[in-house]
Amino acid sequence: MNQQVATTGWGLMGASTIARQYMVDAIRAQSGHTVQAVMSSQQARAEQFAHDLGIPRAYSSLDALLADPDVHAVYISTTNELHRDQVLAAAAAGKHVLCEKPLALSTEDALIMVRACQQAGVVMATNHHLRNAATHRKMRELIRQGAIGQLLFARVFHAVYLPPHLQGWRLDKPQAGGGVILDITVHDIDTLRFTLDSELVEVVGMSQSAAMAKQGLEDGAMAVLRFANGVLAQVHDAFTVKHAGTGVEYHGEAGSLIGRNVMTQQPVGEVILRNAEGEQVIAIDHQSLYARGVAAFCEAMLGRGAPAATALDGVKSLAGALAVLDACKTGSRQSVLPLTIE
Ligand code: NDP
């Protein structure tokens with residue numbers, strides 16, 4: 001990409017809900033960045049999306065989007081089975097890539113994508129939004145400062161209700177990477193890796209298929225994860241639970257951090273520190289999770305720092321989620337092998 005261009009143009013791959021609800025605004029929040037084009041598998045959907053959001057161009061072909069000289073970066077939010085080939089095509093066209101999670105359906109494919117971007121000299125990042133939340137960043141900071149002493153346990157409460165407008169491929173398309181583990185557990189794993197500053201090493205788990213998911217997909221899961229620093233983390237994820245509320249807890253020898261309503265797309269939630277002195281509500285300076293993530297990506301495109309969640313972070317969260325899936329399917333403990341990009 002020509003670093004001298006005054007405006008950085010983005011192309012959206014996927015006329016998706018996440019692009020419509022969050023990402024177009026997050027891109028437009030960056031000075032000098034515009035959304036130039038959107039691509040859908042259906043030209044009419046692309047045009048409708050472009051019309052609704054005031055995007056200049058609409059395409060139904062990957063080649064056409066990538067041939068657009070005003071597109072310097074792409075945001076990929078198609079269904080999960082499409083991410084791999086779309087990232088490879090974007091890298092080959094010299095476009096920077098912000099890709100949705102899960103990056104792919106296998107760790108091997110995700111590694112291929114990361115290497116292709118590296119070889120093409122383009123930035124690739126994973127759109128894990130939660131590590132951009134002021135709540136999670138504050139908890140990470142407090143843990144690093146020793147506010148709760150030696151960390152022992154974490155618990156993630158991420159059982160939610162999949163809204164009716166999203167009750168599609170997540171519930172009935174295994175080939176598209178449906179199921180709650182690739183959708184939600186993958187976010188938990190990224191958030192825990194970020195906050196604990198440690199790698200996932202092994203997992204056990206059980207999943208549930210209640211009323212919603214079909215075709216062998218799971219719509220609920222509970223898993224226990226062991227991290228390299230010895231911390232045990234429990235995660236509870238679901239598409240089927242309307243009133244549980246979300247949260248995360250970190251428990252150390254000297255205190256506990258309680259994050260309420262923090263496993264969410266909104267810049268909301270509260271953090272409480274509980275220790276021998278009682279309970280203290282921690283001040284949080286909320287900001288858009290997605291705009292913060294895109295801002296870091298834009299800096300990385302200019303050679304200034306790393307994205308909030310790198311491509312390798314996305315490979316690692318995927319590897320962890322796939323280990324949880326395997327643990328649930330086989331009933332056995334699964335190791336998560338260390339991953340690096342040569
Ligand atoms: P959607 O189901 O809204 O969109 C996925 C694809 O489905 C679109 O690319 C589109 O295909 C097609 N589609 C969407 N709506 C319609 C419709 N009304 N009629 C026909 N086709 C439709 O998925 P999400 O936006 O929820 O998720 C997309 C990706 O983003 C996934 O990888 C998901 O895991 C990720 N995601 C990440 C989040 C985060 O916070 N990081 C949050 C939510 C999702 P086409 O483009 O061909 O028109």
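Eight bridges connect β8 to β9, and the two strands run antiparallel. Strands here are DSSP runs of E with at least two residues, helices are runs of H or I with at least four, and both are numbered from the N terminus. Two strands count as paired if DSSP finds at least two bridges between them. Within this pair, Val-203 has Leu-225 of β9 as its bridge partner.

This is a predicted model: local features need pLDDT of at least 70, side-chain atom pairs count only at pLDDT 80 or more, and totals for chains, interfaces and linings use all residues. Residues are numbered from 1 along each chain as its sequence is written, and side-chain values use heavy atoms, with hydrogens and water left out.

Strand β8 also pairs with β15. That pairing is antiparallel and spans two bridges. Glu-202 has its bridge partner in β15, namely Ser-335.

Now take the whole sheet. It is open, has nine strands and shows mixed pairing. The order is β14-β13-β12-β11-β7-β10-β9-β8-β15. The edges are β14 (278-282) and β15 (334-335). Each has a single partner strand, so one side of each lacks a neighbour in the sheet. Helix α10 (residues 311-330) packs on this sheet. The helix touches β8 (200-208), β9 (220-227) and β15, where contact means heavy atoms within 4.5 Å. The direction of α10 makes about 50° with that of β8. Such angles run from 0 to 180 degrees between N-to-C directions, with axes fitted as lines to C-alpha atoms, for helices over the stretch in contact.

Elsewhere in the sheet, β12 (residues 255-260) meets β13 (residues 270-275). Six bridges join these antiparallel strands. Gly-259 is bridged to Val-271 in β13.

Next comes helix α8, which spans residues 180-196. Two of its threonines deserve a look. Thr-185 lies in this helix. Its relative accessible area is 1%, so Thr-185 is buried; the term means under 20%, with exposed over 50% and partly exposed in between, for a 1.4 Å probe and protein chains only. Leaving aside residues up to four places away in sequence, Thr-185 touches Val-180, Val-235, Asp-237 and Val-324. Thr-191 also sits in α8. With a relative accessible area of 2%, Thr-191 is buried too. On the same sequence criterion of up to four places, Thr-191 touches Leu-130, His-136, Tyr-250 and Met-263.

Step back to the chain. It contains ten helices and 15 strands. The domain assignment gives domain 1 (8-129) and domain 2 (130-290 + 320-335). These bounds come from an automatic or database domain assignment. The C-alpha centres of the two domains lie 26 Å apart. Across the boundary, 17 residues of domain 1 contact 21 residues of domain 2.

Overall dimensions complete the picture. The C-alpha atoms fill a box of roughly 60 × 45 × 40 Å along the principal axes. A compact globule of 342 residues would have a radius of gyration near 20 Å, and the chain agrees, because its value is 20 Å. That radius is taken over C-alpha atoms, and the globule rule is 2.2 Å times the number of residues to the power 0.38. Of the 342 residues, 55% count as buried. Among contacts between residues at least 6 apart in sequence, 69% join residues at least 24 apart. The accessible surface comes to about 14400 Å², and 50% of it belongs to carbon and sulfur atoms. Accessible areas come from the Shrake-Rupley method with a 1.4 Å probe; for residues, only the protein chains shown count as cover.
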